[in-house]
Amino acid sequence: MPQTREHLLLARQVGVKRIVVFVNKVDAVEDKEMLELVEMEMRELLSTYGFEGEDTPIILGSALCAIEGRQPDIGVEKIDELLEAVDTWIPQPERQMDKPFLMSVEDVFSIPGRGTVASGRVERGVLKKDSEVELVGKNKAPIKTKVTDIETFKKSCDESRAGDNSGLLLRGVKREDVIRGMIISLPGKCKAHTKFLTSMYVLTKEEGGRHTGFHNNYKPQLYIRTADEAAHLTWPEGSEGEKEDSMVMPGDNVEMTCALHKPLAIEQGQRFNIREGGRTVATGLITRILE
């Protein structure tokens, strides 16, 4: 199950502590003992990736049966059980209200007669209407602007809070100036960087990663928040890897230097993913900002 392994790894990477598993299409399985084996294997896999394998709710059902209204024991009843499990097992996320406002731009569009709207999920903090903000990333210098209106779930609001999916109306900014992957923050609170030291785990073939290793000067795509940017991975100066021109193999934990093609708003301790050719190659942690 390479895709399942990859999803569990990425869920852990972004800080998900608890999940609920729904095993679909059980109406197509004739041997019920096979379902028991699947559940046992799933619990073992959950434990391997640091989840509570023994206690995690695993629901065996059929979405098709629920839609068509047949076999309610594996259809509608199992969907109800799934929703109940989500409500009881998944904890309410903690909102970082006390930190400076930060929202990563996910989409951007224009409203005729009003201006440019940047939308995304608020990562932390609170922003009031008519606040001065900066667009950071993708450029050497931040773009200063003002939020003249805030819309959350299709309603105009006086503020946007951590956890909200909001659209921010920006004054005096052209649509083409706002790029997905930029962040909107309070003035002077975030800076864009192009180079950092990283601690990475390289996925194995079984986890959906590369079948072979890679050398120094590897150039994949880096994904962080909503941004994706061309990256250049090299061994840190003076390291054993640089001296021996070592090869990074699937399953390795390595320290490397990452240089970005364009500056991004990044912070020490932030997590990211490395992808290449439609697959996740590695996951990493920013350990030190260099430039």
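1. A good place to start is Phe 214, which is buried at 3% relative accessibility (buried means under 20% relative accessible area, with a 1.4 Å probe and protein chains only). Its partner Tyr 218 is buried too, with a relative accessible area of 9%. The two rings are stacked, because their centres are 4.1 Å apart and their planes meet at 20° (rings of Phe, Tyr and Trp, the last by its six-membered ring, pair if their centres lie within 6.5 Å; planes under 30 degrees apart are stacked, over 60 edge-to-face, and the rest tilted).

2. Please keep in mind that this is a predicted model, where local features need pLDDT of at least 70 and side-chain atom pairs pLDDT 80 or more, while totals for chains, interfaces and linings use all residues. Residues are numbered from 1 along each chain as its sequence is written, and side-chain values use heavy atoms, without hydrogens and water.

3. The count of aromatic pairs is 2. Phe 196 and Phe 272 form an edge-to-face pair, 5.7 Å centre to centre with 70° between the planes. Phe 196 is buried, at 1% relative accessible area, and Phe 272 is buried at 1% relative accessibility.

4. Elsewhere, have a look at Arg 18: its charged end sits over the ring of Trp 89, 3.8 Å from the ring centre (the rule asks for NZ of Lys or CZ of Arg within 6 Å of the ring centre and within 35 degrees of the ring normal).

5. On the overall layout, the chain is divided into domain 1 (18–89), domain 2 (102–185) and domain 3 (192–289), with bounds from an automatic or database domain assignment. The C-alpha centres of domain 1 and domain 2 lie 39 Å apart.

Definitions and conventions: Buried < 20%, exposed > 50% of the residue type's maximum accessible area, 1.4 Å probe, protein only.
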